[in-house]
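This report covers two topics: a pocket and a helix pair. The sequence and structure are shown first.

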Amino acid sequence: MLAENRARLGAMFPRFNPVTGEGAPLERVELRLPDHELPVQWIPRAMADTQLVRGLMEAGSLEGFVRGALDPGGPEEARALTAAVVDQLERLRLRHDFAYWAGAYAYIHNKDGGRDVTLRLNSPQRRLVAEFERQRLAGLPIRDIILKARQWGGSTCTQMYMAWLQLAVETGLNSLIVAQVSDIAAGIKDMFRRMLARYPVRLLHPMGGRHRPGEKTFETVQGTRTTHSVPQRGCKIKIASAERPDSCRGENYSLVHCSEVGVWKATDGRTPEEIVKAATSGVLLRPMTMIVYESTAKGVGNFFHDEWTDAKAGGSQFTPFFVAWHEIEQYRLPLGPSAASFAEGLYRNRLQEDAPSDREESGAYLWSLWRRGATLEGVNWYIGERRKYRDRAGMASEYPTDDDEAFTHSGRQVFSAAAVERLAPTCRPPREVGELYGRTRDGDGCLRAISFRKDATGRLLVWERPEPDEEGETVADRYLCVADVGRGLGDKADFSVVVVLDRMMMADGEGRPQVVAQWRGHIDMDLLAWKAAQLAAWYNNALLVIESNTLESAGGISPQIRDTTPFVLQMIGEAYPNLYMREQSAEDIRRNAPRKYGFHTNAKTKGEVVDFLIRAVREGMYIERDRRVLDELMAYETTPRGGYAAPPGKHDDMLMTRAIGLYVCFNHMDTPRAVSRADYARLVRRSVGEADI
């Protein structure tokens, strides 16, 4: 652990010198010029590929380059040419190296008091700049959404990067910065004023261009209060607030930064979505344009959370960028000689689930911080900082360890973060993606001639295909298929999910079931039920458990489907031999009522299956494959009335298939065993029910 800790410290907080370029973002090339003010510089690769730098590298010195390439007539001309080469090299580096530009010329307010200081990028800021530059150098439009922890300067870095594009890279770029409130907007304006007041005027002009002493570099555009110009660069900087959404209109912008979007409120009948649309609608999707949404997390189900979720899933133009608290250099508390004993205590208490008090965390959670990349010094800081808060919710909102914790932590989490994290090592991409096809889409025909077709756009993920039976025999109670039926077909509707568990490793009484396949998507209820039967049939006639509430109520769907949906389970039961049937009540037996197919979820049964899932996750009773399930587990909450639910904007469809499936798997199925085909045919017609729930 001590060796790993040293490696983490070196990787997170490497040596950095913006002037020499050591440790700066981008791939770097060494430039040695013994007679330059900086004899050794580490410059970006793109700069090294320019004609001037290639010539300097070949010459090995300024003097050698001037004499060999420029052929000066005498010492005085040689000095003038050398000064011109130095100036050109400086401008070239300013154009290619943001870290150098910021460290040399971008003066900002000193938070520690005293005189203004240049922007020396910290570790998270260097990561952010690297992401901006990755997109810019690839010729892509820059589109990022930044989820922040406190006090690493994401807003300042974004605003200064936009200023760099305007002042050093290209002329004529207009920018818009939309802050939360007017006071913050005023502070941003002051930041630009301060920076430009100390920025060398000669660098705003082309090389050799004339400039006048005292000429203005930051002017208010006539007829406005919020738009300013840098006349030497032909660009404008507009600073607005979400309080006055109309101020976001009226210009063509190339660069837009929306700050603290997560806390924007609807104003004058306009939602945050409409304000963002007004700010960004004129930005074209082309190189040298930039849109950044940035905020701390303020709950789920809002505009910023929706945009983050879509970006994380790869469903938008934006790249998600998150900085955990332990990646911020100031959130460390040195350990000195006690590092070894601290690490030993962290390891020794790693299974302790109970927190000593409301202002402390359990040993298991502290161990999970280490497992998720925190340094020992970081965990030591976290322990002390945590005592300021009466619950983890307050701590997590200010200092999140990951994005899920940032958005969803409410203090009502159902599953232990440490226990959920222990499921992660077995999660992996599926071996195959595609769909199943039968002779028909539904009805008896969909269970005949079933074949799997690979399709990158398919919604069936397969980690392990069904193993074919031996000749004359099969394995009974091996596969279990569980379906959770979603309601509705829109983008915001619940997903329908079908999961398959393989119980083969339980045959010796010691192993665990594992997820081997999953279908997830939006589909009509009746078609989902038949798709579940088809998937169960493919997996050697697996026991099929269909959550029946939605099918039985069938509310909110078209009349044509609603008229037939209550009978779908009956039709599947007649066509498929191994469908789960719930036990009858004493009254149903007395009345000789027909048996009912499907798993019925109510307050009692849902509590039972979720409680069992809590135990299964805590004790590692099954093998998970889909990383998205871990996200649902981390977000799942207890409700004010003592029930369970996903928070607004989140889903629990995959979670519920595991809850129902694992309950049935461990409580209502026999140990997998080899049987003859004839015996298996009789076995699959038996009743498997929920009488014990």
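In this predicted model, the largest pocket has a volume of about 1,300 Å³. Its lining is made up of 42 residues, and those closest to the pocket centre are K111, Q151, W152, G153 and T156. Four elements each give two or more residues to this lining: strand 4 (117-118), helix 7 (123-137), helix 8 (154-169) and helix 9 (182-197). Helix 9 gives the most, with six residues.

The classes of residue in the pocket lining and in the contact of helix 3 with helix 5 are set out below.

| Site | Nonpolar | Polar | Charged |
|---|---|---|---|
| Lining of the largest pocket | 15 residues | 17 residues | 10 residues |
| Contact of helix 3 with helix 5 | six residues | one residue | no residues |

The second site in the table is formed by helix 3 (residues 51-59) and helix 5 (residues 75-96), whose axes come within 10 Å. How are these two helices oriented to each other? The axes cross at roughly 125°. An angle that is neither under 35 degrees, nor over 145, nor from 65 to 115 counts as oblique, and helix 3 and helix 5 are therefore oblique to each other. The crossing of helix 3 past helix 5 is left-handed.

On the helix 3 side, the contact involves L52, V53 and L56; on the helix 5 side, V85, Q88, L89 and L92. By class, the contact has six nonpolar residues and one polar residue, with no charged residue. In the lining of the largest pocket, by contrast, 10 residues are charged.

How values were computed:
Residues numbered from 1 in each chain as written. Predicted model: local features only at pLDDT ≥ 70, side-chain atom pairs only at ≥ 80, totals over all residues. Heavy atoms only, no water. 1 Å grid on protein atoms, 1.4 Å probe; cavity = no way out; pocket = protein on both sides within 12 Å on 5 of 7 lines; lining within 4 Å. Points joined across faces, edges and corners; volume = space filled by probe spheres on them. Nonpolar A, V, L, I, M, F, W, Y, C, P; charged D, E, K, R; others polar. Axes fitted to C-alpha atoms, helices over the stretch in contact; angles between N-to-C directions. Left-handed = near helix turned anticlockwise from the far one by under 90°. Contact = heavy atoms within 4.5 Å.
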